[in-house]
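Biologist: Please take a close look at one part of this model, the surface where protein meets DNA. Keep it brisk.

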Protein chains: 2
Amino acid sequence: MSSMNKPNKPITIKEIARKLRISPSTVSRALNDHPSIGLVTTMRVKKLAEELNYEPNQTAIFFKQRKTFTLGVILPKLSEPFFASAISAIEEVAGEKKFTVLLGQSLDNPERELNIINSFRTHRVDGILMSLGKNTTNLDFIERLRKYEIPIVFFDCVPEGVDDVPKVYCDLSTGIQEAVQAFAERGHKQIALINGPETLKASGERTLSFKKALLDNGLNFDDKYVVYSDLTEESNYQAMEKLRDLADRPSAILAFNDYVTFDIIRYAKEKGIYLGHDIQVISFANYSLWKYMDNPPLASIEQYPAEQGAKAASILLELLDNKDSEEIIQDHIFASKLVYQ
Amino acid sequence: MSSMNKPNKPITIKEIARKLRISPSTVSRALNDHPSIGLVTTMRVKKLAEELNYEPNQTAIFFKQRKTFTLGVILPKLSEPFFASAISAIEEVAGEKKFTVLLGQSLDNPERELNIINSFRTHRVDGILMSLGKNTTNLDFIERLRKYEIPIVFFDCVPEGVDDVPKVYCDLSTGIQEAVQAFAERGHKQIALINGPETLKASGERTLSFKKALLDNGLNFDDKYVVYSDLTEESNYQAMEKLRDLADRPSAILAFNDYVTFDIIRYAKEKGIYLGHDIQVISFANYSLWKYMDNPPLASIEQYPAEQGAKAASILLELLDNKDSEEIIQDHIFASKLVYQ
DNA sequence: TTGTAGGCGTTATCAT
DNA sequence: ATGATAACGCCTACAA
């Protein structure tokens with residue numbers, strides 16, 4: 001190894017050209033396997049490039065080609081297992097197509113969301129994948145991105161009332177149907193739903209699916225058995241209290257997510273309720289390591305975060321490949337599914 | 001809203017200049033608040049820029065300035081809660097300094113690691129944060145990155161025997177010390193360690209710390225009580241079997257991580273061992289939701305992934321700010337700590 | 001088959 | 001206080 005370690009300006013096409021006494025364009029073409037360049041020249045160029053450890057300057061190429069081979073991903077929180085596995089899948093799919101992933105977490109803060117989008121725009125990402133935060137109401141940025149011709153694909157938490165943008169999400173009704181059926185088959189008559197915040201449209205849909213599922217399984221639907229929680233521990237406890245106060249206590253609970261179930265478990269412990277016996281629970285999965293628990297829920301409703309992420313990513317990539325594929329602009333819906341641990 | 005939506009070429013400095021009949025350089029300077037530009041001109045420029053929705057073309061700026069305001073982060077797996085919370089913190093720290101984060105997961109595959117590094121290099125990231133995969137032995141890339149003048153900061157799983165590169169990691173010995181002490185105070189004499197693969201240097205260090213901790217607490221150290229596992233379920237079970245086969249069975253176990261503890265829990269369940277009574281467990285934390293479990297471990301050894309990530313990120317940012325800060329090139333060590341759930 | 005020249009958008013240097 | 005010019009590294013008509 002030589003001791004002469006110069007500051008080492010990166011090798012450029014020009015230098016290769018100079019050393020070879022040919023023109024930079026020839027080098028460029030040779031490097032890109034342009035058919036019009038002679039085989040010998042091509043070889044000579046490639047050999048020298050190899051020797052000199054030539055690396056194309058992507059920033060120059062990005063600049064010139066107006067393309068960055070970069071996808072921006074915006075999601076509420078990376079440390080949520082649900083999103084961690086989504087982004088993990090996204091990164092893999094993108095990587096296969098030589099795209100890299102730029103990251104931004106909104107922390108459910110609409111302002112942060114906009115900042116991230118701006119930052120992505122200035123970074124000239126080729127496209128954006130996004131799962132909306134819970135508090136996002138203003139969707140103007142979609143229109144703005146369209147002006148900039150930056151395609152966006154939503155997944156998981158997708159916008160309502162916007163139908164000219166691709167969306168990937170999970171249809172909860174199938175899972176709810178299966179869950180209620182599972183309860184019904186086990187003889188449960190009073191089934192409760194601990195839902196998310198009442199203000200969220202998604203919560204309303206959940207309730208509807210729940211109602212339908214009950215009726216489909218020959219059970220009655222009663223408002224009382226649907227309680228709303230803002231997903232804090234207190235709120236979850238209050239929800240449980242409400243259910244306990246009912247004259248006819250439910251023997252089965254469908255919980256908004258695994259965190260809610262965790263609180264149910266604690267609550268049950270404190271009150272001496274025997275979970276899985278006095279009360280059975282099914283929750284929408286987002287954390288599941290149930291197989292290690294003593295009184296796990298009966299089952300979980302799987303929402304396929306990795307699959308959603310992967311699908312969204314490949315839709316976006318396809319969109320970038322083929323700008324005009326209007327057919328892609330539609331909903332891609334995964335059926336949620338009841339899974340036993 | 002007008003119906004005239006042209007393809008909408010992005011506005012450039014040149015156009016603003018043309019419309020204002022001034023030179024592009026003046027526009028550039030005005031936009032950047034250069035002191036030599038008159039106040040009126042500056043205002044006029046900014047006003048028009050605003051009106052036209054001018055957005056500087058970052059790819060051009062990146063290209064020109066040889067800086068991308070991008071950090072590359074390489075870690076084994078994003079969906080590991082440990083790394084998810086690390087990257088989450090990294091993104092926040094980077095964001096504060098207007099840096100974005102480029103993502104790559106190695107899946108513990110050295111080849112993937114190198115590909116990601118290459119990809120980062122072509123993307124001209126300003127610096128790299130990395131947690132090594134378990135199987136990485138060849139560290140030549142460090143030297144290569146140095147040639148390219150791309151600084152790298154390691155965190156969590158850091159390279160051995162490379163001392164001219166910043167490293168952030170957690171000193172396990174403090175946590176081990178506290179754990180053993182906690183066991184000792186509860187009267188345990190036979191304490192076992194379920195360690196990681198015997199081939200890993202880190203495993204050796206763990207054993208050493210464990211030994212020291214035992215001696216410091218007036219207990220004997222005996223090889224028999226250290227068993228190695230490759231962290232598969234079978235291997236964890238075998239480790240437990242080995243411990244059960246001992247004449248003098250351990251009453252306390254220090255487990256490599258929470259996954260191992262999960263397997264211990266299952267094993268105990270199967271064998272009718274009452275966890276927390278017949279045997280007490282402490283594990284290195286990486287998944288903890290123990291407060292919801294019935295027989296949780298006595299405590300966990302916290303390794304502060306978020307803090308490690310944040311620290312590594314700010315070191316890297318400082319390094320980028322101030323190329324010559326040699327003092328930064330040293331180990332930044334967090335003390336692991338025993339925490340009760 | 002290869003070379004020349006111009007341009008991508010921005011900024012820095014030198015002039016005016 | 002402002003303008004002209006060149007340069008960053010690469011690509012691509014167009015010319016030869």
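Modeller: Start at a base. A base oxygen of DNA strand C is 3.0 Å from an N or O atom in the side chain of Ser25(A). That is a polar contact, meaning a pair of N or O atoms within 3.5 Å; within protein, one must be able to donate a hydrogen and the other to accept it, and residues adjacent in sequence count only if both atoms are side-chain atoms. The model is predicted: local features need pLDDT of at least 70, side-chain atom pairs count only at pLDDT 80 or more, and totals for chains, interfaces and linings use all residues. Residues are numbered from 1 along each chain as its sequence is written, chains are lettered from A and ligands numbered from 1 in the order in which they are written, and side-chain values use heavy atoms, with hydrogens and water left out.

Base nitrogens of DNA strand C are contacted too. One lies 2.7 Å from a polar side-chain atom of Arg29(A). For Lys64(A), a polar side-chain atom is 3.4 Å from a base nitrogen.

Now the wider surface. DNA strand C is surrounded by 26 residues, each with a heavy atom within 4 Å of the strand. Ser25(A), Thr26(A), Lys64(A), Ile13(B) and Tyr54(B) are the closest. Of the strand C atoms within 4 Å of the protein, sugar or phosphate holds 57%, and bases hold the rest.

Which element gives the largest share of this surface? Helix 4 of chain B does, with four residues. Helices here are DSSP runs (H or I, at least four residues), numbered from the N terminus; strands are runs of E, at least two. At least two residues each come from helix 2 and helix 4 of chain A, and from helix 1 (13-20), helix 2 and helix 4 of chain B. By class, the surface has eight nonpolar, twelve polar and six charged residues. Asp, Glu, Lys and Arg count as charged; Ala, Val, Leu, Ile, Met, Phe, Trp, Tyr, Cys and Pro as nonpolar; the others, Gly among them, as polar.

Turn to DNA strand D. Of the 26 residues around it, Tyr54(A), Thr26(B), Arg29(B), Gly38(B) and Arg66(B) come nearest. Sugar and phosphate make up 59% of the strand D atoms within 4 Å of the protein. Phosphate oxygens of strand D have polar partners. The side chain of Ser28(A) places an N or O atom 3.0 Å from one. Polar backbone atoms serve at Gly38(B), at 2.7 Å, and at Asn57(A), at 3.3 Å. The surface near strand D divides into eight nonpolar, eleven polar and seven charged residues.
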